[in-house]
Structure formats: structure tokens, C-alpha cells
Protein chains: 2
Amino acid sequence: MPHSVSYGPTVPTPQAISVLRPLPTHAVRLGTGGLLGDWQDRNAAATLPHCVGRLHAYGNLDNLRRVTGDFGGPFAGYWFADTDVYKTLEAALWELARSGGSSEFVTGTAELLEKAQDPDGYLNSYFQVDHRDRQWAELPSSHEMYSAGHLVQAAVAAARGDAHAPAAQQILAVARRFADLLVRRFGPDGVDALDGHPEVETALVELYRVTGHRPYLDLAARFVELRGHGLLGPDSRFRQRHYYQDHQPVRDADEATGHVVRQVYLAAGAVDVAVETGDTALLRATERLWESAISAKTYLTGGQGSRHRDEAFGDPYELPPDRSYAETCAAIGGFHWAWRLLLATGRSRYADEMERLLYNGIAVSTAIHGTAFFYSNPLQLRTGHNGSGEDAPAQRLPWYSCACCPPNLARLMASLHTYTATGGSDGLQVHLYASGTVTAGGHTVDVTTAYPWDETVAITVTETTQAPWTLTLRVPAWCTDARLTLNGAPAGVTSPHQGYLDLTRTWQPGDQVQLVLTMPPRLVTAHHRVDAVRGSVALMRGPLVYCLEQADLPRSLSGNVLEDLELDPGRPIDVVTGAHPIAPVTLLTPVHVRSGPDDELYRPLAPDALAPPPTTSPAAVPAIPYFLWANRSAGAMRVWIPLAPQKR
Amino acid sequence: MPHSVSYGPTVPTPQAISVLRPLPTHAVRLGTGGLLGDWQDRNAAATLPHCVGRLHAYGNLDNLRRVTGDFGGPFAGYWFADTDVYKTLEAALWELARSGGSSEFVTGTAELLEKAQDPDGYLNSYFQVDHRDRQWAELPSSHEMYSAGHLVQAAVAAARGDAHAPAAQQILAVARRFADLLVRRFGPDGVDALDGHPEVETALVELYRVTGHRPYLDLAARFVELRGHGLLGPDSRFRQRHYYQDHQPVRDADEATGHVVRQVYLAAGAVDVAVETGDTALLRATERLWESAISAKTYLTGGQGSRHRDEAFGDPYELPPDRSYAETCAAIGGFHWAWRLLLATGRSRYADEMERLLYNGIAVSTAIHGTAFFYSNPLQLRTGHNGSGEDAPAQRLPWYSCACCPPNLARLMASLHTYTATGGSDGLQVHLYASGTVTAGGHTVDVTTAYPWDETVAITVTETTQAPWTLTLRVPAWCTDARLTLNGAPAGVTSPHQGYLDLTRTWQPGDQVQLVLTMPPRLVTAHHRVDAVRGSVALMRGPLVYCLEQADLPRSLSGNVLEDLELDPGRPIDVVTGAHPIAPVTLLTPVHVRSGPDDELYRPLAPDALAPPPTTSPAAVPAIPYFLWANRSAGAMRVWIPLAPQKR
């Protein structure tokens, strides 16, 4: 059984300048039947075993067995293939702490890692067998510290779970030996060097939090400070310092840029360093960077990365829906970053972003059955898309040659409950709404809701201390009409901080709070500088982005392609519940079909071109939540829908 | 002095089913002071010497000297670096035929190639020294036949110029030895194999045309037929058969796809094969393929390639202006393809496309001074673009690590005059208008025009035979009001084929024809499926696409960014001549500046969102020809301009 005071990812020390405090992993339980709880269960039942199976099938574990001499075949996959093992191990450890279950993969992997580790602490199956001469020699591209970071994060999960289990102790010891090697080699007495792919920073801070060993924190802080001084080499014809975020010191940077996963991982690590060292200037720098990304380089789904080339942020407002890269790992990294900023500042915008990512940019990456995944997550798929291959498939694939995303999903989902609420003896803050129970500082609440399908969240106090405490409920920025009642009567609340409602009182068991977050369908437009979606709107309801999918075209439109539909803003959008094969709630969307003599790709602007074009008789198409698309036959999809010109 | 009956690229044999016949290279002379003539002169004076200099500086010639034992350093550049030598050599040979001048580079290179060639005819400096074991072993990626093809094309230029010059004979002999090797190795008695990069097909047909040696034509036809049967390997995770156009037989393909340069080179070769073998089905297939590209996968500039990834065509209607790849070599290949289809069919659409490419997609790639180049040619550059590196620079660069484009430009420009007209004893067809003289079948005309700046083309007959003949003049599809006079009176013309006017008569020296192609500024819109430019218009005048560039914002707008301008279609666009530092003719474009509370990236569609937003007082900005952008300080540019909502 897991340890009784286990914690999830990201637990600032008591000395940290963080505003909010995470809760122990068992202080939050997500109920079954809710979306988040279902995702956790699906992860445990399907995704995690699938990942373990693929590690066997794709040679990741054999790569480590080559090091121990137990496998004689060739190295398989990318040079950072060990990280898939580490992330899956981390996921398995969170899952073990959450729900128990089999520890076979954990135990076996722990033994394998201990056996494969070099006496000095080094561990990397790519460099230990075939490429000893290149060890530490190619840091801009080798991912050696990135890989070490993921090992450390698995060890943190081990230490925060059932820390006394032999496997947990084994994993922690292996990770510490590697971390100690990093401290010796790259610490203040070592060389100035950086890994081309950030990750180790946040891992080292977390290891410090688990062990109290200050040199880990200091090394993380050192890596953050060393970045931006050209240690990764000069700009070259194909690889610029921006790509690695090595063009500018982190505390000076004011624009999110380069490879997205690297940027968000680095920023998350910088927040960790900032809160533990009390470095408010660094914290503010990460907020500034976040603002730059959110204000001009983020998709409606929370996804980031506008270019397949370099898996990179684009220029400001460069947000093509059809070629959005929006890598799954970037969305997960963005979630981690936002969570750290939420803890550090208590600002609701970061919880808003976590919610947006969770229900859209992250959720979309996994198929309904939990064993197929998108790597990149476009907001549009065109009719006639050539969908095979890994770059931009029309459907989710079971695995990828670079399989970073699926195990990353597994570790997030296994620890998802720990991100939903924070608190302490003075109160309890609910950030993400889901059925379940939450306990903090001796008070417990039951949450009952069908959110995000339904707008009502019912909260019942089941345990409470005698002293007054504050129940804090987030009101998402998308909600312009939130209604709160206490035991059936309008509640007297204070809103000392934007985006949250505070209910402070001496609570009685049985007290009932009801929050209604009204969810009318919304039409959303983008900033006029986002050329790619000019003249189009997106449909949202609550936190969910909706989309049109070819499979939902009614029979009357079956001869049409999705690209010819235009949304008619003059007719209402109906919310339909329980009528769709895969979507619990759909939005029945009024459309016209654009017709007319449109054969030419380019033509002179006709005098009447700004008037409504010829359209067929009106129709309606059910829009489904974006995260559910591509679970039926492959076909066109779009989030942004052209607006039909309105009659004058 | 060049040979008296020299020809340019692409000269179908008398037996070919081609409708039109190219003229000898000296039958067309472009006058100085006109745009095309100036480009040719700039090419001779600046671009070609620049290319020769870079071949020395970047090691391309030293690579060949490694083969002969005259250079001991390492191989430099890509494995297909020889092709830069061949294309520059071809350019120098066309230039020598056109204007004479120094033959030093030609002579020296001819000797070097002869010395470097293997006894069996093989020639490739990458594989001859370090990689003998890989020779012919990696055809999907080795570019060996692609490289051979460019050698052959240089030899064709040698044979069509001063064929009796020793250097010309040397080059032709080298190329024939290599071509003979290809015939032995890959001909009907050899193996079934393909190069991953088409090019050798068109080269072999041209070599057949020059030599009359049928096996070259047969091998080209064989390569065209072998494609589309999986010889280049199965689809893989990262490389699909589409990429090489090996997914479908050429004669069955109905959609342009994959790597653009490969697609257009292959198609050009297929036209050559078709006309020489009388294969009308294959010819029709290439027309079908062309139509698929033009109708849904071509930028307004004629550029093709919507994705940086794989340098590829996108899905139909995927045409982002900011991430247009529109590689220079693709535009040149498209020009070659269109020229071959024009000769084969006589249809004006192909000449229209040559014109569009020439003045836009091709012209834009070269800086005013002729020694800096774009590799990819975007239709938009955003404010805040991170412009360093070779992928998407904000300004043209002097050279590229993959330097395919600059020497490709040089060989096109050196032979440009040969593409402007066709003819024979029965008549003379003018396809591209430029000042100069054209002679065909004993009749000569002088052309005087400032086209494309001015709309008037004056043609004077200076020599004529006694028999009647037909002067055929193209009326571009963009022109809806063409006015023709003969000796000052409205001319009686016939238009037996769309897009051309025929004047048939017994001509007298001194007869004057005047064609006025009226050029009012045009606002152009795109097909409604082109999401990326919805709600925007482009400005054109005559064949020229125009653009707005940050450098042209008037002082009153200097605090604004280009992205906030909207075109006001309610006010007129003035044509301004002679008032701009680099553009002879500008279009003074009425704009509004969009202002208002637009800080949020996404926001609910406001009830009044479809009404005009707040704008500043109206202003006007000179639009310049697209091909002239980025010749001043780096800054934003856009071809597609958002339309301001009109008052109701």
C-alpha cells in the first residue's frame, strides 16, 4: 500500500515563496463517472499498460539490458530512448501511489537501472555501449541531462509515494548517484555547460525538495543562470540559439521562442528555482514570458508551436490551424508551467490555462480507448489530406518513433488529481472541478458535478474543524455569469483576488455550496492579427473548444465538404445532450453551404463580393468537443468556421 | 563568337508533336532598358560571376579537384554539390552564346570534368573519393542521376551554343560518356531503378535532341514509366512515396504532391518524353497534373510549396502566405514545365503562367543588385519575425549551404530571351512582351515597350517575306480590355485560340502594330477554401503582384505595424509613376488603421463585431511590386491585405 503522506509532482518547500500549497495525493480523490476521474482510470487500465508493452516491443528496455550485458542486439530508437522508460516508470509510480496495483514493472525496472548504472553514477544506454567516446561531448544535442532529469523525476515520484518500498529506495539511490555526478561535473567546481534540452532544472529542484540536499537546487539555479550566454554554440545556418533558448538570459527574456517543449520545460524549472531561492525577479521574468506566449503564440486549445520545422513557436500571431504543431508534450509542459505559476502566485489565470489545456490541447491527444495518440494536434484537417506517416497523420497512432508524448500523458494522468485543489488549515482552494472528495487541514468536502458537460458544481462539507476557514472556488475567465448559493440561499462572498470566490465561515458538516457556472454556447473570434482565422469563429461551451467533423455532416449535406460550410451567426446554436454516439453534449450549429462559380483559385474582387454569396438552404451540423475528434473514420475537421456574410 | 544557329533550352525535334517551335537564340534580342533585358544584363554582370566566385569559395570546384588528386582537403557541402558547378556551367554557356564574353570558367571547368571522370563515364566527386562503396547504392537519396542530369543539361547548352569550341566538345563528350553509362546500367538491358530526385529525364530527352541518339530518349521514357511502382522503397514513418512522386504512375497521377521541385522536374521531363514519343496520353496526364497544382496548390505569385517540412506541396487550398515555402527552384521548374506545355499545346494559359512566375515568384528571389537570393519566397513577413538563419530569413542571403537556387536563376536568366517568342516561316508568336527584336522565318519585328510598367506594346515590322504570315500576340488572362491597332486603325484580328490575337496579312516593312493591354489596378480575392487569406485582397497591376512593405509606411503611420492596416475598398487606388526610390510604378493604397481594445488573443464575438471596428482617420500607403520587397531595411511585408469592413 502506498505511503500515507504521499504527494504528487511539484511540492514547494515550506520556505518557498509560493502562495498556494499542494495537497497530499490522497487528500484528493476523483470520483468515477466524471471526465477527469474517467481519464485517470483509462490511463491506469489502458494507456499505462500500453506504454509498458511498447517499451518492451520497441527495445527501450533491451537498450538498458545491452548495458548490463543481458541483450546482444543493436540499440533501438533515438539516443534519448531511455527517457520513455523513465517517464513510464514515473507514471507507474504515481499510479501505484494513487491506486495500488501491480508493481512488477517498477520493481523490474528499478533493478535494471541499478545494474546498468556506471560506478560514477552515469546512466545512458546510448552512450554507455556504442558511444563511450562521445559521452558528455555533444551536450547541445545529446539529451544526456534531459535524460537524467527524467530519471530524477521518476525518483521523485518514488520518494513521494511509498518511499520505503525497496524499489523506490533503489530508484532514488540511482537518481541521486546520477545527480551527484552532475553536481561534481557541472556544479560550481565543475565546467560551465548546458544540455540543449532543458528538463534537468525542474527535476533537480524537485530532488532537492525530496531530499533537502541543497546542491541540487544550486545546480538547477546555476543551469538557469548559465543559459543565454552562448554555451550551446553560436547561431548556425540551421540551428539558432533561439532554438535552445540560449540567445538571452532567462531573466531578461521577454518572448517565448524556439523549440516549444524546451521553452516551457525551461520556464517551469525557472519557476521552481525562483520560488525556492526567493528570486522574485526570476519569477516575474517567467510570468512575462508566459504572457508573451499566451497573448500572441497560443492556440485556442492552449496548444503551442506553430511550425513543424524545429517544432517551434512561430512569430507573434502566426497561428495556422491546419499546420499547428501544438505538440502533446508542449501542452503537458505548459500545464506544468502554469501549475507552478499558480502555486507561486495564486493567480487564477494560470488555473484557467491548466483547465484550457486539460480539456483541449492535452485531452485531444489521446483516443477514446486510451491506446492511440496524436503527437502534433492540428486545429484543422482538410479534405484530401494525405494522412499517412508520423508528421501529420489524419488519425492517432499507437506509437511514434520518437515516443515522448504517450508516456508523458501517462505520468500526467496518473497524478492528475493532485493538480485540482490546494489548501491548508486556513482553507481549501478548488481550481479544477470534478466529482470527488478533497481534504485539507482537517476539513473535507464532497464535490458532485458533471462538469464540464453540466454547469452545476455541488459541494458538501462532510468534515470540518471548529475554526472558520475559507472555501475558495475558481470562476473561470470564460464564465461571465457565476451563481453561488450556500444552503440554498445566495451566498455572501468576497472576491479579494480576481477569478476566485471566497466563502469564509465557521462551517458545519452538511453545509451545501452550489456553484453554477453558466455555459451558453459562445462564438469566439481571434485577434485581428491572426491572419489564419480571419473572418472565422470558433465554438466553445464552458472550457471546451468545439469543432465540426466530416463524420457529423447530416445526410442532406453528405455530398459537401466541410470547407464549404459557413456558420450563420444570425441563427441560434442549440445545446443537445445525449444524442450523439461519442459526444455527451453537442452544439447544433447553423450553417450555410457556400456554392457558386468558385472554380478559380484567384479572381478579381467582384463589385458585389462583399455581399452574401449564393448559399444553399440553411442546415445545422452538430459540433463536437474538439478533444473527441478523429475517433471515427478519418475525415476533415475544423475548429475555426468561416462566418457567413450577414444579410444587410 | 557563338555559333550562328545556336538554340536555347528545350528544342523539340521536327518529329515531336509540339504545336509551337522555339526560335534560335539570336533570333530574339532583348533591348536594354526593359525589365527582362535588364535582368539578363544583371545576370551576366553580377549573378553569374557571383556564382562562379562562390563555387571557388565554397569548395565545389575543389571537390572535383579531390578526384583528380589536385586538392587534399575534405569534401565540402552537400553530396550533390557538383550540381552547382553544372548549373553555373550551363549558365555560362548560355551567356557565352548570347553575348560572348569570357570563356575562362567554361574552359577550366571542362578540363576539370574530363580529368575527373572515371573511365566508365561515372562522375560524382562525393562518391568517387570517400564513398566508392556507396556508389549507385542509395539511389533514393544519392542524387547521382540528378547530378548526371545537370551535367547533361550543361552539355546541351554547350552543343546548342558554339558547338565547335573545344570546351563545348569536351563537355558534350563527358556528358555523353556518363549518359552512355546510364543507358548501359539502367536501360532496358540493365536494372530497374530510379533516382529519388527527378531531373535526368528532361536532360536525357534534350541530349537525344542534340545528338539524335535514340537510347537517351528511350531511357528517359523508361524512367518516367518506372516511376510510381515503389522502386524507391515503401512508405516509411518519415518518408512517403508521395515525396518522390513514386506512389502512382505518372500517367495515372491526378494531383501534384510531395517535394515540389521533384514534382515539377518530373512533369517537365514527362512532357519532353511525351512530345518526342507522340504519347498524347502522357501529355494529357501532365496537363491534368498541372491543372491540379494551378487550381488549388499555387500561390498568387506562381510559387508552389506550402510547407517547409519536406519542401512540399500542401493539401488542396493550404496556402499560408507567411509560411509559403515557394522555393525559387520550384518556380524555375514550374517555368520550365509551363514552357514545355506551351510548346506542346500552344495554349496561352501556359504562357500566362510563365509570365506570372517570371515577374513574381522568380523575380522576387534575386536582390536588386543581383548577388543575394531568397531560397524560399514568403508572401508575408510579420513584424517581430526572427529572421536569421537560412530557413526563413528576413532578407536575401548571398549564398546557401544548399545553393541550388542561385545558379538555377543564372541559367534561366542567361537563356531568358529564348522563352519570349516562337515561330517559323508561317508566323511569329510573341508570348512575353519586352523591348527587343524578334526574327522568324525571314520576318523581323522590333518591339518597343516599357511593359510591365506601361500597358502599350508597339511592334514594327522591319523585314518581311512576300508571302502572308501571321503575327500572333498573347493577351494575358488578367487583361480584360486589350486594344489592337494596325498602322493607327483598329485591327481586324481573328482569335482562333483563346488568349491569342492573330493578325494574318501580307506585311510591309514599316507596318506598325500597337497592342494596349490596359492595366487598371486590380483587387484580387482567393477561393473561399483558402482559409489563410480569407477576408483579404491582393493588389495587382498587369502581371505584377504588389505588396505593402513596412519601409513604405508614411510618417503619419510610422508608429503603426503593417499588421494593423486594412485596405479600404471604398476609395480608389492611384497609380503613381516615378515617385518611389525603388519601384517605377506604385499603387497608392487607401488604408485604415485598426485600433481599439484588442489586447486579448481570443474574445467572444461581440454583437457589433460584424460592424466596422474603430479605425483611425484614413491614410494611403504606396504598394510596391512584390518582387522588389526586402531591398531596403528588413521589415514586415504582406501581399494579402485585410479588407476593412465597409459601412452599411
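In the predicted model, the mean positions of the 53 positive and 68 negative charges of chain A lie 2 Å apart. The area that chain A exposes amounts to about 21300 Å², and 52% of this area is supplied by carbon and sulfur atoms. With regard to burial, 65% of the 648 residues of chain A count as buried.

The secondary structure of chain A consists of 15 helices and 22 strands. For these 648 residues the globule rule gives 26 Å, and the radius of gyration of chain A, 25 Å, is close to that value, so chain A is as compact as a globular protein of that length. The C-alpha trace of chain A extends over about 75 × 65 × 45 Å along its principal axes. Among the contacts in chain A with a separation of 6 or more, 69% are accounted for by residues 24 or more positions apart.

The arrangement of the two chains was examined next. In general, two copies of a chain are related by a rotation about an axis and a shift along it. Here, a turn of 180° combined with a shift of 0.0 Å along the axis lays chain A on chain B with an RMSD of 0.0 Å. This is the relation of a two-fold axis. The same surface serves both copies, in that 100% of the contact residues of chain A recur in chain B. The residue of chain A that comes closest to the rotation axis is Ala532(A), whose C-alpha lies at 2.2 Å.

Terms used:
Residues are numbered from 1 along each chain as its sequence is written. Chains are lettered from A and ligands numbered from 1 in the order in which they are written. This is a predicted model: local features need pLDDT of at least 70, side-chain atom pairs count only at pLDDT 80 or more; totals for chains, interfaces and linings use all residues. Side-chain values use heavy atoms; hydrogens and water are left out. Copies are superposed by least squares on the C-alpha atoms of residues with pLDDT of at least 70 in both. Contact means heavy atoms within 4.5 Å. Helices (H or I, at least four residues) and strands (E, at least two) are DSSP runs, numbered from the N terminus. The radius of gyration is taken over C-alpha atoms; the globule rule is 2.2 Å times the number of residues to the power 0.38. Buried means under 20% relative accessible area, exposed over 50%, partly exposed in between (1.4 Å probe, protein chains only). Accessible areas come from the Shrake-Rupley method with a 1.4 Å probe; for residues, only the protein chains shown count as cover. Lys and Arg count as positive and Asp and Glu as negative; His and the chain ends are not counted. The place of a charge is taken as NZ of Lys, CZ of Arg, CG of Asp or CD of Glu.
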